[in-house]
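Biologist: Could you take me through one part of this model in detail, the place where the two chains meet? I am new to this, so please explain the terms as you go.

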Number of protein chains: 2
Amino acid sequence: MSITDSLNPVSVLSKANVYFDGRCVSHNVTFADGIRKSVGVILPSTLVFNTGAPEIMETVAGACSVKLAGSSEWKTYGPGERFEVPGQTSFEIKVEGEPYHYICHFG
Amino acid sequence: MSITDSLNPVSVLSKANVYFDGRCVSHNVTFADGIRKSVGVILPSTLVFNTGAPEIMETVAGACSVKLAGSSEWKTYGPGERFEVPGQTSFEIKVEGEPYHYICHFG
């Protein structure tokens, strides 16, 4: 599957978002038309994220397993693969071994 | 001192640089004229970095103490403050308490 290697042209915020004591670090980017995305890394861990807006998570490198709220099924995503998370919910994400690199596209 | 809140317009690489088991995470950005910088975070730790090109480190948020190779003096830098590191050398950087957010300008 294709991977979005870079985001261009964008404005990138200098200050990062640091979640869970640094197990997730991301930087926000904004395109000229106002569309916002973030690029980030999750270190090996199992974390629960709450969504505001719907999100599409694109795997840039590494892999993760994901379980959406209300589901009992873990699904695994590798480079180029995406998963969608509805707004106003949560998901559990498990990263093992290598860091998980992602782009978060807001829906 | 003034802080560079955002870098614009740039191309940002989707895949991060992950150093020291994630205690430092950065993303590379490139301007249209080819100038490269990176935006990153160092979590509380004491790390030694080797430089290739000369670097100017700009503090975006948080603070760090730095000791250049060959020096016995630690200097502390807060938001908006910068320190320069020559090429082909190393520096020790200590971050305590809160994450240190920076822009690395290559000299």
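Biologist: To begin with, what rotation, and what shift along its axis, superposes chain B on chain A?

Modeller: Happy to help! First, some ground rules: this is a predicted model, in which local features need pLDDT of at least 70 and side-chain atom pairs count only at pLDDT 80 or more, while totals for chains, interfaces and linings use all residues. Residues are numbered from 1 along each chain as its sequence is written, chains are lettered from A and ligands numbered from 1 in the order in which they are written, and side-chain values use heavy atoms, with hydrogens and water left out.

Now to your question. A rotation of 180° with 0.0 Å of shift along its axis places chain B on chain A, with an RMSD of 0.0 Å (superposed by least squares on the C-alpha atoms of residues with pLDDT of at least 70 in both). That is the relation of a two-fold axis. The copies meet through the same surface, because 100% of the interface residues of chain B are also interface residues in chain A.

Let's look at that surface. Chain A gives 28 residues to the contact and chain B gives 28 residues, where contact means heavy atoms within 4.5 Å. Together the chains bury about 2100 Å², 68% of it on carbon and sulfur atoms; buried area is the accessible area (1.4 Å probe) that two parts lose on being put together, summed over both. Between chain B and chain A there are 11 residue pairs in polar contact, both residues at pLDDT 80 or more. A polar contact is a pair of N or O atoms within 3.5 Å; within protein, one must be able to donate a hydrogen and the other to accept it, and residues adjacent in sequence count only if both atoms are side-chain atoms.

Which strands of chain B take part? At least two residues each come from β1 (6-13), β3 (24-31), β4 (36-42), β6 (55-61) and β11 (100-106); strands are DSSP runs (E, at least two residues), numbered from the N terminus. β1(B) supplies the largest share of the side of chain B that touches chain A, 8 residues.

β1(B) also pairs across the interface: β1 of chain A (residues 6-13) runs antiparallel to β1(B), joined by 5 bridges. Two strands pair if DSSP finds at least two bridges between them. To find one of these bridges on your screen, look for S6(A), whose partner in β1(B) is L13(B).

Terms used:
Helices (H or I, at least four residues) and strands (E, at least two) are DSSP runs, numbered from the N terminus.
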